[in-house]
Amino acid sequence: MQTPIVVQDVHKSFGAVKALHNISFTVQEGELFGLIGPDGAGKSTLFRILTTLLLADKGQATVNGLDVVKDYKAIRKIAGYMPGRFSLYQDLTVEENLHFFATIFNTTVEANYDLIEEIYVQIAPFKKRPAGKLSGGMKQKLALCCALVHKPAVLFLDEPTTGVDPVSRKEFWDMLQRLKQKGIAILVSTPYMDEAMLCDRVALIQNGQLLNIDTPQHIIAQFSKPMWAVRAKHMYRLIQDLRAFPGTDSCYAFGEYLHLTLKDGTAGVDALQAYLDTKHHEAFTMFSIQAGIEDCFMELMNTENV
Amino acid sequence: MRTIRFILQKEFLQIFRNKAMVRIIFIIPIVQLLVLSYAANYEVKNMAIDVVDYDLSPWSQRLVHKLTSSGYFRLQRHTFNIKEAYEDLQRDKADVVLVVPRHFERDLVKEDKAPLQLLVNAINGTKAGLANAYAGSIIRDFNKNIRTEWLAMDERNAPPVIEVTYSNWFNTRLDYKVYMVPGILVVLITMIGSFLSGMNIVKEKEIGTIEQLNVTPIRKYHFILGKLIPFWIIALFELAFGLLVGKLVFSLPMAGSIWLIFLFAAVYLWVMLGMGLLISTFTETQQQAMFIAWFFVLIFMLMSGLFTPVESMPGWAQVLTWFNPIAWFVKVIRMVLLKGSGLANIQTYLLIMLAYALVMNGIAIWNYRKTT
């Protein structure tokens, strides 16, 4: 069995804009590989190169041992691709879309029904409905069905959960976990960092460059600085004050808390306390926490930007 | 083949699910045929004429009567004041002014000649030319009759005159509609071939489905054929539908073989479909495709000989019509329907069309990429 995805030293520019710079990574069989990065980082460009829609300026990439340039025809038979933008026929029904995509892959819905069954049963009640009239989550489930209907060896999912409600997002990731167990290698991109924990390995991409490739657990373990969660009654004033404090290393809002790191680590806490006392924050709480994957990414992106 | 069949099935499903499309297919041909065929009419009849008769002789009255009873002229004003006639010309109330000078009859008898003045409002050149020609021919006729009566009294002793008799072939009653309907049918199927096909392909780009399709093993030619064949079928259906309307409403003559028309249309449509495909390869949105197709179709149409005869165009424009597929089809459909031309008469045109179809589709397919 060939390595599902191998990317070596891929470059791509659009005019003066470097969309991808020196990208290399591999995805193993049955691995769920996450590509995490903000909008415009180059995620979709990379997907388009791997799905043979775009030619790289430099570098090689193979999908299941097939070269994306030379063997593009063979790749198109074994790859399942879900573009970032909903790309099914909105005026065809759920059933018709699925049937159509099965047919152009020279197969039938029935032949690979076991693979899509679990997902399809969720949208089956709406099978007579035009795809354009489905909810966001349903659309993505249908798109996944269509990408799976020919039993691909490798699955490319470009931002499948963007614009989808949290419940559907969770369901979607549960499905990916089960697909992975069937041996399908999955490359998935997302702008949501919290989804990174659900991947086997993740690569952080920013401005066309990969910052770090590792398991989410390793990335968190590498985060060395002590971190505190902080909150007070007036959050906006608090974040202003904390960022103004010279000993602050980073301070970001995460939900109802601010995540704070200090330049001097634990040693800087006393100075901070003294500083905040002069600011008189009501209902002030501060406690030590374990950094999450998002903190790690914020950290990585910042060090890269400096 | 199986793939193409399923793509076709999908396309037809989408076309007929689109209510606007169904209306376009059924309503446009009827409206176009009925409105354009009646409106785009170059027959000039009932032109308003002012007669300024200073003579008031029996002969001048006979001339006026002859003009007004011809059906081409309608007496607008009979006056002795030339100023009134000028005013009518100014105000567009009169198209033609005929001035019969004093002593018209006397001069004609005595001096064997008499002048007449004809003033024509020539804002519309075609109309003025026709008015002039009609009036001229009626006056000549009148002149000849007068001379026979006056000089000879006897036809056998009359001075020799060359008499031209004519008969209208292929469109005996000079019915303009019979001439226009076939041309309008060509416009109709041209629109379907070039506009709808191109827009349909670009639509896949616009809504992003092309991205999904491109990552499938679907072949370039599968996709293209799947896109073009439905419009080929619809356009041929429209042609049949249009011919039927033409037959029922306008009693369109069908002198030649209908199958020949369909054979030519079948080849011609591939030229237009190829054009639509070509346009779709370098446009990103349906508006762009629409405007570019419109630009070419409008030029092709106006230079096709549909409304104005190709022979009246300047030399360079006539050369351009060789590259104008619409011009060929307008010519052929009129030849076959009105004249009854057979395959032997149109085979050259058919071959030209075939060559264009190959070239057009060749370029389009070469320019079509599954990658971006």
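Colleague: At what angle do helix H7 (residues 176-206) and helix H13 (residues 325-339) of chain B pack, and how far apart are their axes?

Modeller: Keep in mind that this is a predicted model. The angle between H7(B) and H13(B) is about 135 degrees, and the axes are 9 Å apart.

Colleague: What makes H7(B) and H13(B) oblique to each other?

Modeller: Angles over 145 degrees count as roughly antiparallel and 65 to 115 as roughly perpendicular. The value here is about 135 degrees, which falls in neither class, so H7(B) and H13(B) are called oblique. Their crossing is right-handed.

Colleague: Which residues make that contact between H7(B) and H13(B)?

Modeller: From H7(B), B:Val178, B:Tyr179, B:Pro182, B:Gly183, B:Leu185, B:Val186 and B:Thr190 take part. H13(B) brings B:Ile326, B:Phe329, B:Val330, B:Ile333, B:Arg334, B:Leu337 and B:Leu338. By class, that gives 11 nonpolar, 2 polar and 1 charged.

Colleague: Over in chain A, why is H3(A) called roughly parallel to H5(A)?

Modeller: H3(A) and helix H5 (residues 136-148) of chain A pack at about 25 degrees, with axes 8 Å apart. The cut-off for roughly parallel is under 35 degrees, so H3(A) qualifies as roughly parallel to H5(A). The crossing of this pair is right-handed.

Colleague: What meets what where H3(A) packs on H5(A)?

Modeller: A:Val94, A:Asn97, A:Leu98 and A:Phe101 in H3(A) face A:Leu142, A:Cys145 and A:Cys146 in H5(A). The tally is 6 nonpolar, 1 polar and no charged. Cys counts as nonpolar, so A:Cys145 and A:Cys146 go in with the nonpolar residues.

Colleague: Which elements of chain A help form the side that touches chain B?

Modeller: The contact takes 24 residues from chain A and 19 from chain B. On the chain A side, helix H2 (72-78), strand S6 (79-82) and helix H3 (94-104) each supply at least two residues. H3(A) gives the largest share, 4 residues. That side has 12 nonpolar, 6 polar and 6 charged residues.

Colleague: Now the sheets. What makes S12 and S14 of chain A edge strands?

Modeller: The open sheet runs in the order S12-S13-S11-S14, with antiparallel pairing. Strand S12 (248-254) and strand S14 (285-289) have a single partner strand each, so one side of each has no neighbour in the sheet. From one strand to the next, the twist averages 25 degrees.

Colleague: How do you know that S11 and S14 of chain A pair?

Modeller: Pairing needs at least two bridges. Strand S11 (residues 227-231) and S14(A) have 5 bridges, in the antiparallel sense, so they count as paired. A:Arg231 stands opposite A:Thr285 in S14(A).

Colleague: And how do you know that S4 and S5 of chain A pair?

Modeller: By that cut-off of at least two bridges. Strand S4 (residues 58-63) is joined to S5(A) by 2 bridges, running antiparallel, so the pair is accepted. Here A:Val63 stands opposite A:Leu66 in S5(A).

Colleague: What makes S5 of chain A an edge strand?

Modeller: S5(A) belongs to an open antiparallel sheet in the order S2-S1-S4-S5. Strand S5 (66-67), like strand S2 (17-27), has a single partner strand, so one side is left without a neighbour in the sheet.

Colleague: Which strands of chain A does helix H8 lie across?

Modeller: Helix H8 (residues 235-244) lies across S11, S12 and strand S13 (257-262), running at about 160 degrees to S12(A).

Definitions and conventions
Residues are numbered from 1 along each chain as its sequence is written. Chains are lettered from A and ligands numbered from 1 in the order in which they are written. This is a predicted model: local features need pLDDT of at least 70, side-chain atom pairs count only at pLDDT 80 or more; totals for chains, interfaces and linings use all residues. Axes are lines fitted to C-alpha atoms, for helices over the stretch in contact, and angles run from 0 to 180 degrees between N-to-C directions. Two residues are in contact if their C-beta atoms, placed from the backbone, lie within 7 Å. A crossing is left-handed if the near helix is turned anticlockwise from the far one by less than a right angle, and right-handed if clockwise.
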